[in-house]
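Biologist: I'm new to this one, so could you walk me through it? Let's put it on screen and go from there.

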Amino acid sequence: MIRRFAPEDFQEVVEIESEVFSEHNSLLYMSFYETVGDGFLVAEQDGKVVGYVVGYRSAENEGHIFSVGVREKYRRRGIGTGLIHAICDIFVANGLRYARLEVRNSNKGAQKLYRSIGFVPCWIEKKYYSDGEDGMVMKMHLHPYRLLISKQKYLEPVLSGNEFLVTFRSPISYYP
């Protein structure tokens with residue numbers, strides 16, 4: 001289940017962030033909670049926070065995915081993908097046309113995930129990270145139909161007579 005961040009999630013988000021990233025600032029996340037509201041989401045499984053995403057409007061037509069993290073033992077289960085789709089849906093609902101994120105040049109796994117969702121590499125920011133590693137800036141056009149297509153796993157084709165219909169397998173809404 002993906003839901004809005006709540007203050008009681010703070011410790012688990014900080015744990016995930018320190019597990020996933022070599023550089024981190026735990027106080028930044030409480031600041032995000034206070035400033036981005038709907039743009040701070042967590043993935044919960046069996047009552048435990050297993051991932052999070054933070055995003056906000058960074059320009060008139062662009063949303064910035066500041067951070068996304070999933071606990072190591074919960075990776076490769078679609079949680080990161082779900083979190084990215086959820087924040088992109090929020091961007092679309094707020095009239096944004098593009099999503100942007102930065103990823104370490106060495107993080108080929110994350111780059112592959114982002115490409116599979118629809119992000120494309122745009123440019124390299126030299127020495128973007130505090131340890132001097134370059135960062136790759138990736139962007140995605142947030143056309144509402146593109147997001148629907150990217151969520152094909154939620155849709156089930158149904159043949160009715162000569163018509164092709166699509167029904168939802170499960171709710172696409174991320175909030176209970």
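Biologist: Let's begin with a cysteine: how exposed is Cys-122?

Modeller: Keep in mind that this is a predicted model. Buried would need under 20% relative accessible area, and exposed would need over 50%. Cys-122 has a relative accessible area of 39%, so the label that fits is partly exposed.

Biologist: And Cys-88, is that buried or exposed?

Modeller: The cut-off for buried is under 20%. Cys-88 has a relative accessible area of 0%, so this residue is buried.

Biologist: How many disulfides does that leave us with?

Modeller: A disulfide is a covalent bond between the sulfur atoms of two cysteines. To count here, a pair of sulfur atoms has to lie within 2.5 Å. By this rule, the number of disulfides is zero.

Biologist: Okay, zooming out. In what order do the helices and strands come, starting from the N terminus?

Modeller: There are five helices and nine strands to place. Reading from the N terminus on, the order is β-α-α-β-β-β-α-β-α-β-β-α-β-β.

Biologist: Which element gives the most to the largest nonpolar core?

Modeller: In soluble globular proteins, nonpolar side chains tend to be buried together. The largest core here has 29 residues, and Leu-41, Ile-65, Leu-83, Ile-84, Tyr-114 and Phe-119 touch the most other members. Elements supplying at least two residues each include strand S3 (48-59), helix H3 (79-93) and helix H4 (108-117). The top contributor, with eight residues, is H3.

Biologist: There's a second core too, I hear. How many residues does that one have?

Modeller: This core is separate, and among its members are Phe-10, Ile-16, Phe-40 and Val-49. Its residue count is eleven.

Biologist: Back to H4. Why do its buried residues end up on the same side?

Modeller: The buried ones are Ala-110, Gln-111, Tyr-114 and Ile-117. They sit on the same side of H4 because, around the axis, they cover an arc of only 125°.

Biologist: So which exposed residues are on the face turned away from that buried side?

Modeller: Exposed calls for over 50% relative accessible area. On the face of H4 turned away from the buried side, the exposed residues are Lys-108, Gly-109, Lys-112 and Ser-116.

Biologist: Last one: what share of the whole protein is buried?

Modeller: The chain has 176 residues to sort. Its accessible surface is about 10,100 Å², with 52% of that belonging to carbon and sulfur atoms. As for residues that count as buried, the share is 42%.

Definitions and conventions:
Residues numbered from 1 in each chain as written. Predicted model: local features only at pLDDT ≥ 70, side-chain atom pairs only at ≥ 80, totals over all residues. Heavy atoms only, no water. Core = buried A, V, L, I, M, F, W, Y, C linked by side-chain atoms within 4.5 Å. Buried < 20%, exposed > 50% of the residue type's maximum accessible area, 1.4 Å probe, protein only. Helix = DSSP H or I, 4+ residues; strand = E, 2+ residues; numbered from the N terminus. Arc of directions from axis to C-beta. Areas by Shrake-Rupley, 256 points an atom, 1.4 Å probe, with all protein chains shown as cover.
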